[in-house]
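Okay, hi everyone, thanks for making time. I'll put the structure up and then walk you through it piece by piece.

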Amino acid sequence: MTRCTVLVMLLCGCATPQGGPEMGDDVADKERRPMRKGDPEPVYTFEPGPPVTDTAGLTAWLEAHRGKRLRLPIVIELGEPGRRFESARVGAVELRVTDLALGVPLSERIAQKCGREARRCALWLEGRYGETPPFPDPLPRYEVVKVGEVVDEEAELTAESAK
């Protein structure tokens, strides 16, 4: 009986009527409960940013949107099968792409979208720019949270930020 009472007191003391912030949600709505496994993913609308051909403008825009949710047309050069990426870039800006937030590795997603034998793949990747890596790295890091469709590299492309 005492154990049940202590457990109920602990559970009641930990619960808050407002709930906590949404994990992975950029909305500052403190009235909603945290996201849980099985919850539908939030739907984001994106507004256009600079063209990826404007390297100086794109670099400044990326720095201004550090830590915010972005959608970028990223070209990934793949190495030998089973190895990591040779390079990843948006326009002429090279990035260090990480897939730690994805359930399925980015290399597998690339194989599904562009084929297992592809050595180059251009995709819309949603994520956060400029996250600090746990080790020194000269390239800015882009943490991918969602993989989109294949991109036509010849088209006029722009970076996009979530509203």
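Before we get to the hairpin, one bit of vocabulary: helices and strands here are DSSP runs, numbered from the N terminus, and a strand needs at least two residues. And two strands count as paired if DSSP finds at least two bridges between them. Also, please keep in mind that this is a predicted model.

So, the hairpin. It's made by β3 and β4, with two residues between them. Look at Gly-91 in the turn: its phi is positive, about 65 degrees. Strand β3 covers residues 85–90 and β4 covers residues 93–98, and they pair antiparallel over three bridges. If you want one bridge to click on, take Ala-88, whose partner in β4 is Leu-95.

β4 also pairs with strand β6, residues 141–150. Here the two strands run parallel, again with three bridges. In that pairing, Val-97 stands opposite Tyr-142 of β6.

Okay, zooming out. The protein has three helices and seven strands. Reading from the N terminus, the order is α-β-α-β-β-β-α-β-β-β. There are 163 residues, and 34% of them are buried. And if you take the contacts with a separation of 6 or more, 62% of them link residues 24 or more positions apart.

Now the inside. What tends to happen to nonpolar side chains in soluble globular proteins? They tend to be buried together. In this model, the largest nonpolar core has 31 residues, and the members touching the most others are Leu-72, Ile-74 and Leu-106. Several elements each supply at least two residues to this core, among them β3, β4 and β6, along with α3 (106–114). Leu-106 is a nice one to center the view on: outside its close sequence neighbours, within four places, its contacts include Ile-76, Phe-85, Val-97 and Val-144.

Next stop, Leu-58, over in helix α2. Is Leu-58 buried or exposed? Its relative accessibility is 0%, so Leu-58 counts as buried. Leaving out residues up to four places away in sequence, Leu-58 touches Val-90 and Val-93, including also Pro-50 and Ala-159 among its contacts. The C-alpha atoms of Leu-58 and Val-93 are 8.1 Å apart, with their positions 35 residues apart along the chain.

Pro-50, which I just mentioned as a contact of Leu-58, is in strand β1, residues 46–51. With a relative accessible area of 13%, Pro-50 is buried, because the cut-off for that is under 20%. Beyond its neighbours within four places, Pro-50 is in contact with residues including Gly-57, Trp-61 and Thr-158.

Then there's the disulfide, and a search of the whole structure finds one. Cys-114 and Cys-121 form it, with their sulfur atoms 1.8 Å apart. Why do we call it right-handed? The torsion about the S-S bond is about 50 degrees, so the disulfide is right-handed. As for its two ends, Cys-114 is partly exposed at 26% relative accessible area, whereas Cys-121 is buried at 2%.

Last thing, the aromatic rings. How many aromatic pairs does the structure hold? Zero. What you can look at instead is Arg-71, which lies over the face of Trp-124, 5.8 Å from the ring centre.

That's the tour, so go ahead and spin the model around yourselves.

Methods. Residues numbered from 1 in each chain as written. Predicted model: local features only at pLDDT ≥ 70, side-chain atom pairs only at ≥ 80, totals over all residues. Heavy atoms only, no water. Disulfide = S-S within 2.5 Å. Buried < 20%, exposed > 50% of the residue type's maximum accessible area, 1.4 Å probe, protein only. Helix = DSSP H or I, 4+ residues; strand = E, 2+ residues; numbered from the N terminus. Contact = heavy atoms within 4.5 Å. Phe/Tyr/Trp six-rings, centres within 6.5 Å; stacked < 30°, edge-to-face > 60°. Lys NZ or Arg CZ within 6 Å of the ring centre and 35° of its normal. Core = buried A, V, L, I, M, F, W, Y, C linked by side-chain atoms within 4.5 Å.
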